[in-house]
Amino acid sequence: MNNKTGKKWSVFFLVASAVFMSTLDSSIVNVALPYIMEDLHTRVEVIQWVVAVYLLTVSSLLLTFGRLSDINGRKVIYTSGFVIFTAGSLLCSMAGSPAFLIASRAVQGMGASMLMACSPALVVDMFEPGERGRALGMIGTVVAAGLTAGPVAGGFLLDLFSWRAIFYINIPIGTAATVAGLYVLKGTGAEKGTGEPLDVKGGFLLILFLGSLLMYLTHIREWGPAGPLSILFLVLSAAGCYLFIKVEAQAHYPLFPPELLKIRLFTFSIISAVLVFAALFIIIFMMPFFLAHPYGLSASSTGLVMVTPFVFLFFISPVAGELYDRIGSRALCTAGAAMLAASLGSLVFITPDSHLFSILWRMALAGIGTSVFISPNNTSAMTSTPVSRRGIASGAVATARNFGMVLGVAVAGLIFSGSISSSLTGGDSLENYTSRMEPAFMTGFTRTMLAGMLIAVSATVSSFLRGKERS
């Protein structure tokens, strides 16, 4: 019994190291972008691909690697993920041109997608049903640690060294985790797979569908909703989606088994996750602009305010996970999404003259709601699926999160930029903000928060419609 307990916590800490490394890396890179752009002598339009290609690669491959972990066992996919992520980090640190760095980030994203696809499934596989909520809640705390430590560690490394140091730190961590994975996952069942063939055609069509859709969403402001490139990627996405559904319905071993959509708890958990992360990232995307421009905070103060929602993941995620083990996900996820909706609704009423505390409590409410939602929702999606399909369920949960983030940023950018351009700004742009832009800015900000509130209300409804867990 003691040996079994020790083994499951060893797996937990291995998963935690992967989650921490991937979240830390994403937040550190964002801080370093201006320095990378200057050192590699490139433009904003080019350097944004350092972030975009990573996001596209991760999101497009999550389901494929989740399915592969069911087929070949989680151990081989997970340890390979550490190897590829570490190799990608080494290549990033050596980059002498923007093109090489972007290609290296794609390699890093492939490794990250392998780690993300397996992480929740490994935790659920190792812990008993009454412990899973708590364990996944604790993983939420690790996510918070990575997100909050990233900007701090990034600033420290950039002050002392070059931007290359932010990739160097992954190399010893990734190497140690690879060795640990080979030892820790031995004899846990993570080596076993179904041995079924991989649906390669379905995997390609899924990449076409999700990759094209994410390209459209990430460039909608630049290309315009009905621009030629936008139309092209929408058509490619629609074709990929149609063909993927058709192929999966006929495949003997589909990449995404259609019968999973018949599981009410799984389907509504995935829908709710997309909506909650879309609503949350409307706040994450818009608030720095508000705090820096009409509100007038310094960069360091803006960063501290933006940490506020993530702080609550430290304390509330484990509690929400334990509550899930007692009462299920329906009440918790509905309440969490409702709190997020209330936060967005209350942000409609802030002004450049608002007291800082009135902004902080609204941001805190968003963090509390998200913290109450995440671990019960993830646990519900994972435990409602058969053991042989947990890899694909794990990949679906991670895909929903990433897709929701992209969707939120796209919606915020589209509504806000559309409002700014349709208002009287005196010809000024946001890059050259002046006080006379304040009315137009606040109009766009208010409309964007209202859109986020409607998305969060939809998440509240979908969370309630999932029904109750079977006892």
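Thr-370 counts as buried because its relative accessibility is 5%, where buried denotes a relative accessible area under 20%, exposed one over 50%, and partly exposed anything in between, computed with a 1.4 Å probe on protein chains only. The model is a predicted one, in which local features need pLDDT of at least 70 and side-chain atom pairs count only at pLDDT 80 or more, while totals for chains, interfaces and linings use all residues. Residues are numbered from 1 along each chain as its sequence is written, and side-chain values use heavy atoms, with hydrogens and water left out. Thr-370 is placed in helix α14, which covers residues 356-383; helices here are DSSP runs of H or I with at least four residues, strands are runs of E with at least two, and both are numbered from the N terminus. When residues up to four places away in sequence are not counted, Thr-370 touches Leu-280, Gly-336 and Leu-340, a contact being defined by heavy atoms within 4.5 Å.

Two helices were examined for length, bending and burial. For α11, the 29 residues should span 42 Å at 1.5 Å a residue, and the end C-alpha atoms, 43 Å apart, agree with this; the expected span is 1.5 Å times one less than the number of residues in the helix. A bend of about 30° occurs in α11 at Met-286, and a proline, Pro-288, follows within four residues, the bend at a residue being the angle between axes fitted to the seven residues ending there and the seven starting there. Helix α11 is mostly covered, since 23 of its 29 residues are buried. In helix α3, residues 49-72, the 24 residues should span 34 Å at 1.5 Å a residue, and the separation of 32 Å between the end C-alpha atoms agrees. Helix α3 bends by about 45° at Leu-62, and 20 of its 24 residues are buried, so that α3 too is described as mostly covered. Just after α3, Gly-73 takes a positive phi of about 95°.

Most residues other than glycine have a negative phi. His-41, a residue other than glycine, nevertheless has a positive phi, near 55°. This histidine, His-41, lies in the loop between α1 (2-39) and α2 (44-47), and His-41 counts as exposed because its relative accessibility is 72%.

Empty space was also examined. The second largest pocket holds about 640 Å³ of space. On a 1 Å grid over the protein atoms alone, a pocket is an open set of points with protein on both sides within 12 Å along at least five of seven lines, whereas a cavity is a set of points where a 1.4 Å probe fits but cannot get out; lining residues have an atom within 4 Å of a point. Grid points are joined across faces, edges and corners, and a volume is the space filled by probe spheres set on the points. The second largest pocket is lined by 22 residues, and Leu-63, Phe-209, Phe-256, Leu-261 and Ile-270 lie nearest its centre. At least two lining residues of this pocket come from each of α9 (200-223), α10 (228-250), α11 (264-292) and α15 (390-422). The lining comprises 19 nonpolar residues, two polar and one charged, where Ala, Val, Leu, Ile, Met, Phe, Trp, Tyr, Cys and Pro count as nonpolar, Asp, Glu, Lys and Arg as charged, and the others, Gly among them, as polar.

His-219 is found in helix α9 and is buried, with a relative accessible area of 4%. Apart from residues up to four places away in sequence, His-219 touches Gln-48, Trp-49 and Gly-224. Val-123, in helix α5 (residues 98-126), likewise counts as buried, at 2% relative accessibility. Leaving aside neighbours within four places in sequence, Val-123 is in contact with Val-15, Ala-135, Leu-136 and Ile-139; the C-alpha atoms of Val-123 and Leu-136, 13 residues apart in sequence, are 7.2 Å apart in space.

Met-437 occupies the loop between α15 and α16 and counts as buried, at 0% relative accessibility. A distance of 8.7 Å separates the C-alpha atoms of Met-437 and Ile-420, which are 17 residues apart along the chain. Pro-439, by contrast, lies in helix α16 (residues 438-465) and is exposed, with a relative accessible area of 56%.
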